[in-house]
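Please look over the sequence and the structure shown here before reading on. The paragraphs that follow move from a single residue out to the chain as a whole.

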Amino acid sequence: MGLHNIMVSEPHPCRRGYFRQLYTRVEVSNTGSYWVWRQVDENGAPMTDAESAFDSEDAALNDAVTRLKGVAVMTR
């Protein structure tokens with residue numbers, strides 16, 4: 001199981017032409033036969049249900065970055 005912080009860059013809601021960077025945390029875990037990821041809060045409590053089954057930890061993490069429109073990953 002790994003906790004990863006994903007940096008997301010999005011347009012600023014009030015300042016046109018500016019972007020803001022937000023961070024979200026995902027947990028990637030192995031169920032025994034496949035890997036899943038889910039978004040968790042700062043205490044580790046799940047915020048979303050587990051996403052689809054993946055063959056590897058990297059595949060699950062890549063899917064999380066793509067779906068959340070991340071620009072960088074920081075492994076904890």
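Val65 is found in helix H1, in a model that, it should be said at once, is predicted. Is Val65 buried or exposed? Its relative accessibility is 18%, and because the limit for a buried residue is under 20%, Val65 counts as buried. When residues up to four places away in sequence are set aside, Val65 touches Ile6, Gly70 and Val73. Val65 and Val8 stand 57 residues apart in sequence, yet from C-alpha to C-alpha they are 8.7 Å apart in space.

Val65 is not alone in being covered, for in H1 the buried residues are Ala60, Leu61, Asp63, Ala64 and Val65. A general point about helices helps in reading such a list: an α-helix has 3.6 residues a turn, so residues three or four places apart point the same way.

Which residues make up the largest nonpolar core? The core has eleven residues, namely Ile6, Val8, Val26, Val28, Trp35, Trp37, Phe54, Ala60, Leu61, Ala64 and Val65. Two or more of these residues are given by each of the elements E1, E2, E3 and helix H1, which covers 57-67, and the largest share, four residues, comes from H1. Val8, one of the core residues, is in contact with Arg20, Gln21, Leu22, Thr24, Leu68, Lys69 and Gly70, once its neighbours within four places in sequence are left aside.

With the core in mind, the reader can now turn to the strands. Strand E1, residues 2-11, and strand E2, residues 19-30, run antiparallel and are joined by ten bridges; as an example to find in the picture, Ser9 has Gln21 in E2 as its bridge partner. E2 also pairs with strand E3, residues 35-40, again in the antiparallel sense, over six bridges. Two of the partners in E3 can be picked out by name, since Glu27 is bridged to Arg38 and Asn30 is bridged to Trp35. E2 and E3 form a hairpin with four residues between them, and in the turn Gly32 has a positive phi of about 115 degrees. E3 is mostly covered, with five of its six residues buried. As a general rule for regular strands, the side chains alternate between the two faces of the sheet.

Not every residue of a strand is hidden in this way, and Phe19 offers a useful case. Phe19 is found in strand E2, but its relative accessibility is 59%, and because exposed means over 50%, Phe19 counts as exposed. Leaving out residues up to four places away in sequence, Phe19 touches Ser9, Glu10, Pro11 and His12. Phe19 and Asp58 are 39 residues apart along the chain, and their C-alpha atoms are separated by 28 Å.

Where does Lys69 lie? Lys69 lies in the loop between H1 and strand E4, which covers 70-75, and its phi is positive, about 60 degrees, although Lys69 is not a glycine. Because its relative accessibility is 62%, Lys69 counts as exposed, while Val65, at 18%, counts as buried.

The pieces can now be put together for the chain as a whole. What does the secondary structure of the chain come to? It comes to one helix and four strands, and, read along the sequence, these follow the pattern β-β-β-α-β. Along its principal axes, the C-alpha trace spans about 45 × 25 × 20 Å. Of the 76 residues in the chain, 30% are buried, and the chain exposes about 5,200 Å², of which carbon and sulfur atoms supply 47%. Among the contacts with a separation of 6 or more, 38% are made by residues 24 or more positions apart. Finally, the chain has 8 positive and 10 negative charges, and the mean positions of these two sets are 12 Å apart.

Key:
Residues are numbered from 1 along each chain as its sequence is written. This is a predicted model: local features need pLDDT of at least 70, side-chain atom pairs count only at pLDDT 80 or more; totals for chains, interfaces and linings use all residues. Side-chain values use heavy atoms; hydrogens and water are left out. Buried means under 20% relative accessible area, exposed over 50%, partly exposed in between (1.4 Å probe, protein chains only). Contact means heavy atoms within 4.5 Å. Accessible areas come from the Shrake-Rupley method with a 1.4 Å probe; for residues, only the protein chains shown count as cover. Lys and Arg count as positive and Asp and Glu as negative; His and the chain ends are not counted. The place of a charge is taken as NZ of Lys, CZ of Arg, CG of Asp or CD of Glu. Two strands pair if DSSP finds at least two bridges between them. A nonpolar core is a set of buried Ala, Val, Leu, Ile, Met, Phe, Trp, Tyr and Cys residues joined through side-chain atoms within 4.5 Å.
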